[in-house]
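Hi everyone, thanks for coming. Please have a look at what I'm putting on the screen, and then we'll walk through it together.

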Amino acid sequence: MEHVIVPPRTYFGIFAALMVLTGVTVVVAFFDLGLLNPVVALSIAVIKASLVVLFFMHLKYGTRLTWIVGGAAIFWLGILLVLILSDYATRGWGWY
Amino acid sequence: VPDHAAATLHEPALKHHFDDLGQQHEAATLGMWVFLATEVLFFGGLLAAYMLYRVWYPETWGAASRTLDITLGTVNTAVLIGSSLTMALAVHAAATDRRRPLLLFLLLTMALGAVFLGIKAFEYAHKFHEHHVPGLGFHFEGPAPERANLFFSLYFGLTGLHALHMVIGLGLMTVMLAMAARGKFSSRWYTPVEVSGLYWHFVDIVWIFLFPLLYLVDRHQ
């Protein structure tokens, strides 16, 4: 069977990127970007999570089935968050 | 007896309902991914509650978030990312038949996990001291303590659930350590190390989101 062997060099590179991104997100938090603050913070978190999933968790080298399961998790989380927000965000519109 | 059949006969780790170790490994890995998908939604409920109240009470969210220690939060983020690195290196050591490095990296992963929980416990103790723990005796200096109560409920709910996952992860690592010490793993079969690693990295990812959501709200004020 073919186990994917990722060289440690790659892991150290991902680790360095994750540490730098952690530093960036902390520094950016101290600047007033208005509504962009949470957007930037969450975007950096998504990039960091993607690096962990793709390289540490080997999804980059995973089967198509694994990609489907990972995609399904994000899709369902999206349903949960987006539908709740679309409900509460539009309650004040007064169309009913 | 064909070659592949002879090989499977001598493979103690292979369960007989699988064709070969490759298929068995793929099934076990996929099983963990499916479990982690349910975990995403398990945390998703609390995250949804967090999102809603943050939209409703942005000022309170900022004021309550700024009472958290950003230095300890940042250090803990680095500690957990470091533990993910040592976990990945442990899987690599197992995959390349290096038993001593495997034991070392498993121990390092556990040590970093313990440091994380230690710092978390210190933060919790401080919160108790400040009466920021929801329940009897809750006290918040801001203008809307009942809303800050919601923030801290979600803070303890989310970080508590995350810490519980860390404790379970440490349990898993203890089992991996014992199995590795007894020479159970080889480059042909180290599925438990890989699958436990998936779980450990997932718990790291949860924290990667919790850190900005809880510690980095309106820090510029």
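What volume does the largest pocket have? About 1500 Å³. Please keep in mind throughout that this is a predicted model.

Let's stay with that pocket for a moment. How many residues line the largest pocket? There are 47 of them, and the ones nearest its centre are Leu42(A), Val46(A), Leu77(A), Leu81(A) and Phe209(B). If you want to find the walls on your screen, look for helices from both chains. In chain A, α2 (36-56) and α3 (64-89) each give at least two residues to the lining. In chain B, α2 (21-56), α3 (58-65) and α7 (191-215) each do so too. As for chemistry, the lining of this pocket divides into 38 nonpolar residues, six polar ones and three charged ones.

Next, the nonpolar core. The largest one has 95 residues. Those with the most contacts inside this core are Met57(A) from chain A, together with Leu102(B), Leu106(B), Phe152(B), Phe185(B), Val193(B) and Leu214(B) from chain B. Let's zoom in on one of them. Which residues does Leu214(B) touch, leaving aside residues up to four places away in sequence? Its partners are Tyr50(B), Ser65(B), Leu68(B), Phe151(B), Tyr155(B), Leu158(B) and Thr159(B).

Now to charges. Side chains of opposite charge can pair when their charged atoms come close. How many salt bridges turn up over all chains? A search of the whole structure finds three.

In chain A, Arg91(A) pairs with Asp87(A), at 2.9 Å from N to O. Arg91(A) counts as partly exposed because its relative accessible area is 44%, and Asp87(A), at 33%, is partly exposed as well.

Over in chain B, Glu123(B) and Lys120(B) form a salt bridge at 3.2 Å, N to O. Why are these two about one helical turn apart? Because they sit three residues apart in helix α5 (residues 99-129) of chain B. Are they buried or exposed? Glu123(B) is buried, at 5% relative accessibility, and Lys120(B) is buried too, at 2%.

The remaining salt bridge joins Glu130(B) and Lys127(B), at 3.2 Å from N to O. Here the partners differ: Glu130(B) is partly exposed, with 26% relative accessibility, whereas Lys127(B) is buried, with 3%.

That's my tour. Thanks for listening, and I'm happy to go back to any part on the screen.

Definitions and conventions
Residues numbered from 1 in each chain as written. Chains lettered and ligands numbered in written order. Predicted model: local features only at pLDDT ≥ 70, side-chain atom pairs only at ≥ 80, totals over all residues. Heavy atoms only, no water. Salt bridge = Lys/Arg side-chain N within 4 Å of Asp/Glu carboxyl O. Buried < 20%, exposed > 50% of the residue type's maximum accessible area, 1.4 Å probe, protein only. Helix = DSSP H or I, 4+ residues; strand = E, 2+ residues; numbered from the N terminus. Core = buried A, V, L, I, M, F, W, Y, C linked by side-chain atoms within 4.5 Å. Contact = heavy atoms within 4.5 Å. 1 Å grid on protein atoms, 1.4 Å probe; cavity = no way out; pocket = protein on both sides within 12 Å on 5 of 7 lines; lining within 4 Å. Points joined across faces, edges and corners; volume = space filled by probe spheres on them. Nonpolar A, V, L, I, M, F, W, Y, C, P; charged D, E, K, R; others polar.
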